[in-house]
Amino acid sequence: HFNNTLTKTGRLSSSNPINLQNIPKRIAVNTPAAVEAVIKSIRRAFIAPPGYQIVKFDQSAVEFRILLCFADEGPAITDILAGRDPHWSTVAAWKKVPYEAALVLPDGKQLRDIAKTNNYGVAYGQTVEGFIDWCEGMGIPTTREGANEIFEAILNTKPATLSWLTQQRILVKAYGYAETYFGRRAYYPELLNTETPWYIKQKHVREGVNSIIQGTAADIMKVAARRIWDSIHSEGLDAKTILAVHDEMVYVCRNDHVEQLISVVDREAPAVVQWKLPLSVETGVGNSWGSIE
């Protein structure tokens with residue numbers, strides 16, 4: 001069962017008999033090889049029947065792109081449009097080197113992962129202490145000085161984003177609700193209650209700002225999924241949705257209809273919103289879900 005309105009952010013949720021959205025995808029640093037093999041094998045258990053293929057698409061970095069567009073973060077938008085990775089730009093600012101030099105730094109992948117985690121984390125209210133806890137959980141040595149360095153890098157490269165986030169926190173706290181780009185609201189009545197403890201209010205403000213971004217991403221995915229579904233039926237494609245996992249949709253499609261389905265996805269999914277930074281859609285095909293990188 002996929003539930004359309006159960007979560008506050010508007011994301012689809014799954015239940016009965018199990019939550020199919022909890023099937024792991026990302027593998028943490030330093031995961032033992034045997035555990036990594038098991039994790040990878042789970043998605044390979046979703047297999048297309050003979051004559052069919054699994055087709056999946058996801059909105060690449062959709063929440064980050066939404067945040068940059070809402071904040072009108074010019075330099076980061078320019079980076080992406082020019083084919084540069086904004087997380088590498090954060091690494092460059094953090095290590096005080098040019099962008100090209102950042103790409104060849106030792107342990108570059110780990111540095112980018114840290115930058116990416118913090119670009120998202122700061123957006124959702126993560127503190128320096130929270131970052132240190134994350135590093136410890138990932139087995140990454142760090143100090144408070146090191147944590148402050150990357151926070152400063154984010155502050156220096158995303159000023160408009162931080163300004164927008166501050167403004168949204170004020171509005172959520174004042175009105176007691178958060179609103180997505182499409183006008184769907186998530187209410188936090190505790191924020192309007194003078195007896196609500198301050199730490200509870202802080203939690204709801206963080207959740208509210210998160211729901212603006214994550215809720216907009218959820219709305220975009222639902223609109224895209226509906227448009228794709230309409231096109232599948234109007235064009236007579238032998239394809240159907242089998243899974244929806246946050247920013248990823250998974251279909252089973254007859255072999256000779258795969259290219260047409262991909263064409264439908266490439267046409268409909270990015271067209272839901274027209275912003276300075278277009279939505280990026282990635283598609284993949286394989287005989288199992290886990291065989292698609």
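**Exercise 1. Find which backbone oxygen the side chain of Thr196 reaches, then describe the surroundings of Thr196.**

Solution. Start with the side chain: in this predicted model, that of Thr196 comes to 2.7 Å from the backbone oxygen of Glu190. Next, place the residue in the fold. Thr196 sits in the loop between strand 5 (185-187) and helix 10 (198-234). Then list its contacts: setting aside residues up to four places away in sequence, Thr196 touches Glu190 and Lys201. Finally, decide on burial. The relative accessibility of Thr196 is 13%, and the cut-off for buried is under 20%, so Thr196 counts as buried.

**Exercise 2. Work out which strands pair with strand 3, and say why strand 3 is described as largely enclosed.**

Solution. Take one partner at a time. Strand 7 (residues 248-254) pairs with strand 3 in the antiparallel sense, over seven bridges. To see this pairing in the model, look at Asp58, which stands opposite Glu248 in strand 7. Now turn to strand 8 (residues 280-286): it is joined to strand 3 by seven bridges, and the two run antiparallel. Here a helpful landmark is Ser60, which stands opposite Ser280 in strand 8. The last step is burial. Strand 3 covers residues 52-60, and seven of its nine residues are buried, so the rest of the structure largely encloses it.

**Exercise 3. Describe the largest pocket and the second largest pocket by volume and lining.**

Solution. Begin with the largest pocket, which holds about 2,000 Å³ of space. It is lined by 48 residues, and those closest to its centre are Lys25, Arg26, Ile27, Lys116 and Asp247. Among the elements that give two or more residues to this lining are helix 1 (33-43), strand 3 and helix 7 (128-138). Helix 6 provides the largest share, seven residues. Sorted by class, the lining has 19 nonpolar, nine polar and 20 charged residues.

Now do likewise for the second largest pocket, with about 210 Å³ of space. Its lining includes Phe2, Leu12, Trp229 and Tyr251. Helix 10, strand 6 (239-245) and strand 7 are the elements that each give two or more residues to it. By class, this lining divides into 10 nonpolar residues, one polar and one charged.

**Exercise 4. Decide whether Cys135 is buried or exposed, and locate its contacts.**

Solution. First find Cys135 in helix 7. Its relative accessibility is 1%, so Cys135 counts as buried. Leaving aside neighbours within four places in sequence, Cys135 is in contact with Ile140 and Thr142. One further distance helps you find your way: Cys135 and Ala147 lie 12 residues apart in sequence, and their C-alpha atoms are 9.3 Å apart in space.

**Exercise 5. Examine the backbone at Asn16, Pro17 and Asp107.**

Solution. Keep the general background in mind: most residues other than glycine have a negative phi, and most peptide bonds are trans. Now check the bond from Asn16 to Pro17, which is cis, with omega near 15 degrees. Asn16 also has a positive phi of about 60 degrees, although it is not a glycine. Asn16 lies in the loop between strand 2 and helix 1, and Pro17 is found in that loop too. With a relative accessible area of 49%, Asn16 is partly exposed.

Move on to Asp107, another residue that is not glycine, whose phi is positive, near 55 degrees. Asp107 is placed in the loop between helix 5 (99-102) and helix 6. Its relative accessible area is 59%, so Asp107 is exposed.

How values were computed: Residues are numbered from 1 along each chain as its sequence is written. This is a predicted model: local features need pLDDT of at least 70, side-chain atom pairs count only at pLDDT 80 or more; totals for chains, interfaces and linings use all residues. Side-chain values use heavy atoms; hydrogens and water are left out. Helices (H or I, at least four residues) and strands (E, at least two) are DSSP runs, numbered from the N terminus. Buried means under 20% relative accessible area, exposed over 50%, partly exposed in between (1.4 Å probe, protein chains only). A polar contact is a pair of N or O atoms within 3.5 Å; within protein, one must be able to donate a hydrogen and the other to accept it, and residues adjacent in sequence count only if both atoms are side-chain atoms. Contact means heavy atoms within 4.5 Å. Two strands pair if DSSP finds at least two bridges between them. On a 1 Å grid over the protein atoms alone, a cavity is a set of points where a 1.4 Å probe fits but cannot get out, and a pocket is an open set with protein on both sides within 12 Å along at least five of seven lines; lining residues have an atom within 4 Å of a point. Grid points are joined across faces, edges and corners, and a volume is the space filled by probe spheres set on the points. Ala, Val, Leu, Ile, Met, Phe, Trp, Tyr, Cys and Pro count as nonpolar, Asp, Glu, Lys and Arg as charged, and the others, Gly among them, as polar.
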